[in-house]
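Biologist: I should like a close look at a single part of this protein. Would you please describe the sheet, the helices that lie on it, and the aromatic rings found there?

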Amino acid sequence: MKSLILSLAGFALLAPAVADARTAQPPKAARKTPSKSKAKPKPAPVAAPEPVLTPSPEAQRVIAWVSGAHDNRGLPWAVVDKVNATLFLFAPDGTQQAAVPVLIGIMPGDEASPGVGTKTLASLGPAEKTTPAGRYLAKFGLPVAGERVLWVDYATSVALHPIPKDAGAREKRRERMLSPTPDDNRITFGCINVPQAFYTRQLRPTFRRKGGYVYILPDTKPIDQVFPRLRTQAPG
């Protein structure tokens with residue numbers, strides 16, 4: 001009996017040590033849940049490059065003639081290609097400064113109707129809404145709707161200016177100007193509409209002081225008939 005009591009007493013002395021040993025064991029590491037990978041940001045959309053406007057063969061002939069013969073007489077100049085609805089701007093020395101799309105007269109034709117300059121826009125017939133072809137000394141002049149414009153031919157009321165603010169929304173002039181083809185760029189009463197930024201930053205500062213020459217290519221007549229001096233130009 002005495003030996004049994006001693007055995008129980010020894011067990012009682014060992015029990016706290018076992019308990020302490022269990023509590024002293026380091027806790028199991030918590031299971032890490034895989035973190036959700038952050039979604040990679042989508043790359044910003046790349047804007048499509050603007051189309052490069054190059055002169056047509058007819059425009060190249062006129063540009064070469066003006067540059068070679070110095071027909072611009074030391075003034076800045078521009079070439080308007082009606083078929084391709086494009087304007088090319090040049091410094092007096094012949095360096096190209098810009099190329100922009102334009103809007104032109106609704107009807108094809110290279111002659112201004114007699115007396116068209118004395119009529120109101122509302123009284124113009126469809127056949128009279130043309131942009132005449134030829135060589136013009138353009139200068140800034142009397143204001144239209146409170147703003148001075150570059151008059152290409154004052155007698156026939158043909159001017160070069162941005163899209164009018166009062167242009168009808170149904171005409172969609174801005175959309176026509178930004179379209180990739182020239183097929184829908186005939187919408188004006190005869191004037192030549194250009195982009196506002198180009199007009200403000202380049203055309204107006206260039207022509208404001210002394211004016212300059214504007215060469216409007218034909219869309220119905222032979223180009224040699226409109227610019228007879230091209231016949232004397234050496235083939236290039």
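**The sheet, its helices and an aromatic cluster**

Modeller: In this predicted model, helix H4 (residues 196-207) lies across E1, E2, E3, strand E5 (134-144), strand E6 (147-153), strand E7 (158-162), E9 and E10, and runs at about 70 degrees to E6. The sheet beneath this description is open and has eight strands, in the order E3-E2-E1-E10-E5-E6-E7-E9, with mixed pairing. Strand E3 (96-101) and strand E9 (192-194) are the edge strands, each pairing on one side only. From one strand to the next, the twist averages 25 degrees.

At the E3 edge, strand E2 (residues 86-90) runs antiparallel to E3 and is joined to it by five bridges. Phe90 stands opposite Gln96 in E3. Helix H2 (residues 57-69) also packs on the sheet, where it touches strand E1 (77-81), E2 and strand E10 (212-216); the direction of H2 makes about 165 degrees with that of E1.

Let us turn to the aromatic rings. Eight aromatic pairs are found in the whole structure. One of them joins Trp65 and Tyr215 edge-to-face, at 5.7 Å centre to centre and with 80 degrees between the planes. Because Trp65 belongs to helix H2 and Tyr215 to strand E10, this pair ties together parts that are 150 residues apart in sequence. Trp65 counts as buried, at 7% relative accessibility, and Tyr215 is buried at 0%. Tyr215 also pairs with Phe227: the ring centres are 6.3 Å apart and the planes are at 50 degrees, so this pair is tilted. Phe227, in the segment after helix H5 (223-226), counts as buried at 2% relative accessibility. Together, Trp65, Trp77, Phe90, Tyr213, Tyr215 and Phe227 form one aromatic cluster.

Key. Residues are numbered from 1 along each chain as its sequence is written. This is a predicted model: local features need pLDDT of at least 70, side-chain atom pairs count only at pLDDT 80 or more; totals for chains, interfaces and linings use all residues. Side-chain values use heavy atoms; hydrogens and water are left out. Two strands pair if DSSP finds at least two bridges between them. Helices (H or I, at least four residues) and strands (E, at least two) are DSSP runs, numbered from the N terminus. Axes are lines fitted to C-alpha atoms, for helices over the stretch in contact, and angles run from 0 to 180 degrees between N-to-C directions. Contact means heavy atoms within 4.5 Å. Rings of Phe, Tyr and Trp (its six-membered ring) pair if their centres lie within 6.5 Å; planes under 30 degrees apart count as stacked, over 60 as edge-to-face and the rest as tilted. Buried means under 20% relative accessible area, exposed over 50%, partly exposed in between (1.4 Å probe, protein chains only).
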